[in-house]
Amino acid sequence: MFKADKDSLVNIFLQLTKIDSVSFHERKMAALLKTELQELGFEVSEDDAAAALDGEAGNIYGILRGDPDKKPVLFSAHMDTVEPGIGKIPLLCDDGDTITSDGNTVLGADDVTGVVEILEGVRLAKDSAHGDIEVLFTMGEEAYAKGAGVFDYSRLVSEDAYVLDMSGAPGTAARKAPSIISFEVTVTGKSAHAGFAPEEGINALKTAANAITRIKQGHISENTTFNIGTIKAGKATNIIADRCVCTGEARGFDHEEAMAQIDNAETIFREEAGKTDAGVEIIRTVHIKAYETPEDADVCRCFRRACAELGLKGEITSTLGGSDNNVFVQHGLSGIVLSSGMYNTHTTKEYTYTKDLITGSELVAAIIKNR
């Protein structure tokens with residue numbers, strides 16, 4: 001049984017979370033992680049994602065050669081954080097277990113928990129029998145997995161991927177995640193004085209409002225949600241609004257069903273616009289596509305074996321959040337997303353537990369052993 005070192009885990013976690021690493025500004029994080037991987041014996045390289053995405057650092061890839069008769073495996077976590085993420089100050093609380101920020105920024109547990117658990121897990125298992133171990137630390141994940149989107153997957157030797165990037169205590173994994181599709185609808189009308197000649201105008205805001213009242217939002221089905229999140233219109237209280245811009249998203253485990261919700265919204269906006277001779281333009285962007293890894297896939301079976309060895313529940317579920325794994329699966333990998341001990345992510349109340357860092361590290365090591 002592998003035993004992680006609490007002190008070294010806490011030290012590296014505090015060191016990494018102090019680094020400013022918001023999306024597309026991961027240079028310092030990337031440099032440190034390259035060194036950490038090299039010290040573990042990895043062959044390390046950095047791709048040209050920085051140039052492709054106008055960032056400061058590329059994706060960091062490493063491979064630790066092993067027994068060619070054993071199955072290779074890929075572990076991945078992302079280097080970037082959301083805002084507010086500049087000047088992070090991690091604090092180990094008096095209980096000796098909880099780690100928070102000082103309340104002015106995010107902590108960065110998303111995804112430093114995943115990063116340190118991979119590093120420590122490999123350190124624990126690297127001297128035991130194993131196949132090739134690949135590690136991919138991505139940039140720009142919080143911007144809809146942009147870094148993973150430009151990585152060259154022909155470099156990989158692994159067929160299975162474990163992405164450490166989900167909230168909750170280690171021992172749970174998601175094999176299913178949704179498509180996320182954003183949209184922007186612009187309704188164009190005609191301005192007029194609202195007091196003297198309102199009938200001469202075409203009210204873009206009213207047209208948009210009429211459409212929105214007809215569109216179902218929230219849970220469309222057990223698989224799909226739809227939301228209109230922002231509305232911007234008008235220039236003054238005494239002018240008929242000649243332009244209204246609405247934005248939102250569809251999210252669903254069935255990609256075609258999610259796309260159909262945006263099609264439906266567009267139809268309704270055009271119907272309402274047709275009643276007033278307003279114009280409509282819609283732009284949709286597919287950020288990530290849904291995937292579903294079979295429950296009996298090797299990547300799931302190995303996860304359950306490793307969890308059983310550690311006395312963890314080994315629950316396999318779904319998530320409504322996207323991750324790099326959405327991209328990995330599109331490139332032919334069989335992947336699942338592991339919870340890594342992050343809580344209240346994307347808020348200034350984000351935290352983790354040292355006990356979760358220990359368990360997550362030992363789980364990575366057990367997965368390597370059980371390949």
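The expected span of a helix is taken as 1.5 Å times one less than its number of residues. In this predicted model, helix α1 (residues 6–17) comprises 12 residues and should therefore span 16 Å, a value with which the 16 Å separation of its end C-alpha atoms agrees. At the N-terminal end of α1, Asp 5 acts as a cap, with a side-chain oxygen placed 3.3 Å from the backbone nitrogen of Asp 7. The buried residues of this helix are Leu 9, Val 10, Ile 12, Phe 13, Leu 14, Leu 16 and Thr 17, and the elements that cover them include α2 (27–39), β4 (91–92), β5 (98–100), α4, β17 (351–353) and α10 (354–369).

Leu 16 is also among the members of the largest nonpolar core, a set of 61 residues in which Leu 16, Phe 75, Phe 137, Tyr 162 and Phe 303 touch the most other members. Helix α4 (residues 109–125) contributes the largest share of this core, 9 residues. When residues up to four places away in sequence are not counted, Phe 137 touches Leu 33, Leu 37, Asn 59, Ile 60, Ala 77, Met 79, Val 115, Ile 118 and Leu 119. A second core, separate from the largest and made up of 26 residues, includes Val 185, Val 187, Ile 212 and Ala 265.

The largest pocket encloses about 430 Å³ of space; it is lined by 19 residues, of which Glu 141, Glu 142, Gly 321, Gly 322 and His 346 are the closest to its centre. Strands β7 (160–167) and β16 (334–342) each supply at least two residues of this lining, and the largest share, 3 residues, comes from β7.

Technical notes. Residues are numbered from 1 along each chain as its sequence is written. This is a predicted model: local features need pLDDT of at least 70, side-chain atom pairs count only at pLDDT 80 or more; totals for chains, interfaces and linings use all residues. Side-chain values use heavy atoms; hydrogens and water are left out. A nonpolar core is a set of buried Ala, Val, Leu, Ile, Met, Phe, Trp, Tyr and Cys residues joined through side-chain atoms within 4.5 Å. Buried means under 20% relative accessible area, exposed over 50%, partly exposed in between (1.4 Å probe, protein chains only). Helices (H or I, at least four residues) and strands (E, at least two) are DSSP runs, numbered from the N terminus. Contact means heavy atoms within 4.5 Å. A polar contact is a pair of N or O atoms within 3.5 Å; within protein, one must be able to donate a hydrogen and the other to accept it, and residues adjacent in sequence count only if both atoms are side-chain atoms. On a 1 Å grid over the protein atoms alone, a cavity is a set of points where a 1.4 Å probe fits but cannot get out, and a pocket is an open set with protein on both sides within 12 Å along at least five of seven lines; lining residues have an atom within 4 Å of a point. Grid points are joined across faces, edges and corners, and a volume is the space filled by probe spheres set on the points.
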